[in-house]
Amino acid sequence: TDESIKLKEFQDQTREIARISQEMMQILEILQNIQIMVLEQGNLLDCINYNLEQSQNYIRQGNKQLIQ
């Protein structure tokens with residue numbers, strides 16, 4: 001009957017929506033993990049940059065001492 005066909009279609013759509021919702025949650029988790037990694041890498045880059053600046057300062061000071 002038409003009602004049983006409509007009910008089956010509704011159930012199929014409901015299952016598909018649930019599957020899509022679950023996949024979207026998985027994608028959200030992946031994106032959150034990527035965000036954490038990007039932040040961690042940004043912190044690491046800041047640390048590297050700081051160390052490079054410190055190295056430049058030490059080299060300048062060393063050059064000044066060599067000149068004297």
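**One long helix, group meeting talk**

Okay, let's start with isoleucine 34, which counts as partly exposed because its relative accessibility is 39%. By that I mean the band between buried, under 20% relative accessible area, and exposed, over 50%, with a 1.4 Å probe and protein chains only. Before I go on, this is a predicted model, so local features need pLDDT of at least 70 and side-chain atom pairs count only at pLDDT 80 or more, while totals for chains, interfaces and linings use all residues. Residues are numbered from 1 along each chain as its sequence is written, and side-chain values use heavy atoms, with hydrogens and water left out.

So where does isoleucine 34 sit? It's in helix H1, residues 2-67. Helices here are DSSP runs of H or I with at least four residues, strands are E runs of at least two, and numbering goes from the N terminus. The chain has 1 helix and 0 strands. Its radius of gyration is 29 Å, well over the 11 Å that the globule rule gives for 68 residues, so the chain is more spread out than a compact globule. For the record, that radius is taken over C-alpha atoms, and the rule is 2.2 Å times the number of residues to the power 0.38. If you'd rather think in boxes, the C-alpha atoms fill roughly 100 × 10 × 5 Å along the principal axes. And as a ruler inside the chain, the C-alpha atoms of isoleucine 34 and threonine 14 are 30 Å apart, with those positions 20 residues apart along the chain.

Now the surface. What share of the 68 residues is buried? The figure is 0%. The accessible surface comes to about 6700 Å², and carbon and sulfur atoms own 60% of that. Those areas are Shrake-Rupley with a 1.4 Å probe, and for residues only the protein chains shown count as cover.

Back to isoleucine 34, which has company: Ile27, Ile30, Leu31, Ile34, Met37 and Val38 form a nonpolar surface patch with about 560 Å² of accessible area together. Patch residues need over 30% relative accessible area and no salt bridge; like charges are joined within 9 Å, and nonpolar side chains (Val, Leu, Ile, Met, Phe, Trp, Tyr) within 5 Å.

On to charges. Side chains of opposite charge can pair when their charged atoms come close. How many salt bridges does the whole structure have? The search finds 4, where a salt bridge is a side-chain nitrogen of Lys or Arg within 4 Å of a carboxyl oxygen of Asp or Glu.

Take arginine 15 and aspartate 12, whose side chains meet at 2.5 Å, N to O. Both are in helix H1, 3 residues apart, about one turn. Arginine 15 is exposed at 52%, whereas aspartate 12 is partly exposed at 33%. Lys8 joins in too: Lys8, Asp12 and Arg15 are linked in a network of salt bridges.

Further along, arginine 19 shows up in two bridges. With glutamate 16 the distance is 2.3 Å, N to O, and with glutamate 23 it's 2.5 Å, N to O. Glutamate 16 and arginine 19 are separated by about one helical turn because they are 3 residues apart in helix H1. Arginine 19 and glutamate 23 are also about one helical turn apart, being 4 residues from each other in helix H1. As for exposure, glutamate 16 is partly exposed at 35%, arginine 19 is partly exposed at 36%, and glutamate 23 is partly exposed at 36%.

That's what I have on this helix.
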